[in-house]
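Please open the model in your viewer and keep the selection tool at hand. The tour proceeds by selections, each followed by a description of what is found there.

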Amino acid sequence: MNECYDLIIVGTSFAGSFFLLRYLERAPPQARVLVLERGRVDSKVWQLQHRAPSSIPGEQVYVNRTPLKLWLTSPGFGGNSNCWWAGAMRMMPNDFKLKSRYGVGADWPLEYTDLEQHYGTVEQVMLVSGPADVPMPRSRPFPLPPHRFSTPDVLLKARFPDSWFHPTTARASVATGKRGVCCASGICELCPIDAKFTIQNGLAHIYEDPRVTLRLESPVDSVDISAGVATGVNYIRSGRGERANGDLVALAASALFNPHIMLRSGIHHRLLGRRLHDQMEVDVCVDLHGVRAYDGSTVITGNGYMFYDGEHRRDHSACMVETWNSPFTYQPAALRADRGRWNERQYLRFIFDDLPREDNTVTVSASDPRLAETTFNGYSDYARRAAERIPQMVDKLALALPIERIEGIELASSSGHIQGTVVMGDDPTSSVVDRHLVHHQIRNLLVLGAGAFPTATPILPTLTLSALSLWAADHQLGQGVGGGAVGKRAR
Ligand SMILES: Cc1cc2nc3c(=O)[nH]c(=O)nc-3n(C[C@H](O)[C@H](O)[C@H](O)COP(=O)(O)OP(=O)(O)OC[C@H]3O[C@@H](n4cnc5c(N)ncnc54)[C@H](O)[C@@H]3O)c2cc1C
């Protein structure tokens, strides 16, 4: 007989865990939740011993038709929380209104104010560190104090006080009980002292709740749909096909695998699997005269917003600048060969938003339908036009920094972020899910994560996608499907 649950969640990373966290706060004692996870629990000790965030290589679970463009994935309990670098910033209010404000891209179907409280909750759970002054409006202070600037950051802050800030990050700035202080070694995929927030060190306890059944090594193939209603999921366990019935199904398998599961379930939409995108990131190495870098307290010590918001967004992308503080990240080029001047060098990362292109896709592999397949045909001209301005941007930063020369400029092969593919919106003809991440037609199917993002912004996606999971859970808890999804079966 098939098992029956009030809620089935697919995936145990940020999107699934923040949804589950909020759900359990309100669910009755008899509620039953099934969580299905493709991978295993790869402990911190295992990760360090094997120098890998996951015992299942990401390349095993999808086919990349354009290998120069990487999409990084760590299958396992906690997903990419194991390998992320824990930059945790909020989007800017105008990022939600690109179309109406600047006439390009699309508006999000919600606003900054809709997410403000949820941002604060996620920051509290992740113990985010940050300064008193940031460009985004806030209703509460950061849980942890800011990291220490490097010397170049001090100079940039002095010259650009209104647009240079400490980073907001879930790399701990003070010891937190479970997490140590960031060691700034730049080995953040592994985080040797467990300073960054991960699902394992911050939210594993919700999976021990007696209402939750966590099933590892259980990849989900498809969702069963009958008469426009999701009735359950099909998954593999110990090599055999299994099925579980659920009143509410929440896919939280990322922008790579949510559309893959949906397409395998016979769900179709013109945009499903399209608009795969990330930020366009360009690394610029500059040599400094008489100023020593690498003396801040975490791997990225500053964020610049001087090229971010403004009328230029009508023509080209917004840009956020990062100052990198670890010589180990870019070995060996991070250090100068000049005697006594090894650290008179600064790596800058310029992060541009991209306008998602419909020809960048996730599909089902024809040769092996169990695998997702990605195709990336390039960034938008909008982003490329902005990147052409890097020399002028460096000139502006040179008003603060004694820049001798640009040592190198390199396009990063991956930002590590995976967005688009299950876009949200108010209009079912131009979006797959609604503003609460509910499928427009299948009203008990939620699709969580950055797949819903209508546009990229220079802001890294995870704080926002986690806040969106709380927002989506609140909607379910408040209104429910068929009169209240929480504990429907339990009643
Ligand atoms: C190297 C790197 C650095 C990064 N740094 C940052 C950063 O500093 N800041 C930031 O904001 N973002 C960063 N990111 C991005 C961040 O990791 C992602 O935005 C985030 O992890 C997405 O969360 P998610 O829950 O949607 O998906 P994921 O973290 O991808 O998790 C998906 C989960 O679903 C499971 N799963 C997948 N398919 C199936 C299936 N068929 N059946 C069952 N389970 C399945 C996976 O095993 C996993 O547990 C980084 C990413 C990388 C790779």
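In what order do the three strands of the open sheet β3, β13 and β14 lie? The order is β3-β14-β13, and the pairing is mixed. The model being viewed is predicted.

**First stop: the sheet**

Select residues 62–64 for β3 and 361–364 for β13; these are the edge strands, and each pairs on one side only. From one strand to the next, the twist averages 25 degrees.

Next, add residues 372–375, which form β14. Strands β13 and β14 run antiparallel and are joined by four bridges. To locate this pairing, display T361, which stands opposite T375 in β14.

Now turn to the pairing with β3. Here the strands β3 and β14 run parallel, with three bridges joining them. A suitable pair to display is N64 and T374, since T374 in β14 is the bridge partner of N64.

Show the side chains of β14. Which residues of β14 point one way, and which the other? A372 and T374 point one way, whereas E373 and T375 point the other way; all are buried.

**Second stop: the helix on the sheet**

Select residues 254–264, helix α7, which packs on the sheet and touches β3, β13 and β14. The direction of α7 makes about 40 degrees with that of β13.

Why may α7 be described as largely enclosed by the rest of the structure? Eight of its 11 residues are buried, so the helix is largely enclosed. To see them, colour A255, L256, F257, N258, P259, H260, I261 and M262, the buried residues of α7. Continue along the chain to G266, which follows α7 and has a positive phi, near 85 degrees.

**Third stop: two residues with positive phi**

Select Y294, in the loop between β9 (280–288) and β10 (300–304). Y294 is not a glycine, yet its phi is positive, about 65 degrees. Is Y294 buried or exposed? Its relative accessibility is 13%, and buried means under 20%, so Y294 counts as buried.

Then move to T421, in the loop between β15 (403–411) and β16 (445–447). T421 also is not a glycine, and its phi is positive at about 80 degrees. With a relative accessibility of 0%, T421 counts as buried.

**Fourth stop: the empty spaces**

Rolling a probe the size of a water molecule over the atoms shows where empty space is left. How many cavities of 30 Å³ or more does the structure hold? There are three, and the largest cavity has a volume of about 100 Å³. Select R171, C182, C183, C188 and C191: of the 16 residues that line the largest cavity, these are the closest to its centre. By class, its lining consists of 12 nonpolar, two polar and two charged residues.

Finally, display the second largest pocket, in which about 230 Å³ of space lies. Select its lining: R38, R40, I56, Q60, V61, E217, P219, I236, R237, S238 and G239. How do these residues of the lining divide into nonpolar, polar and charged? The lining of the second largest pocket has four nonpolar, three polar and four charged residues.

Key:
Residues numbered from 1 in each chain as written. Predicted model: local features only at pLDDT ≥ 70, side-chain atom pairs only at ≥ 80, totals over all residues. Heavy atoms only, no water. 1 Å grid on protein atoms, 1.4 Å probe; cavity = no way out; pocket = protein on both sides within 12 Å on 5 of 7 lines; lining within 4 Å. Points joined across faces, edges and corners; volume = space filled by probe spheres on them. Nonpolar A, V, L, I, M, F, W, Y, C, P; charged D, E, K, R; others polar. Pairing = 2+ DSSP bridges. Axes fitted to C-alpha atoms, helices over the stretch in contact; angles between N-to-C directions. Contact = heavy atoms within 4.5 Å. Buried < 20%, exposed > 50% of the residue type's maximum accessible area, 1.4 Å probe, protein only.
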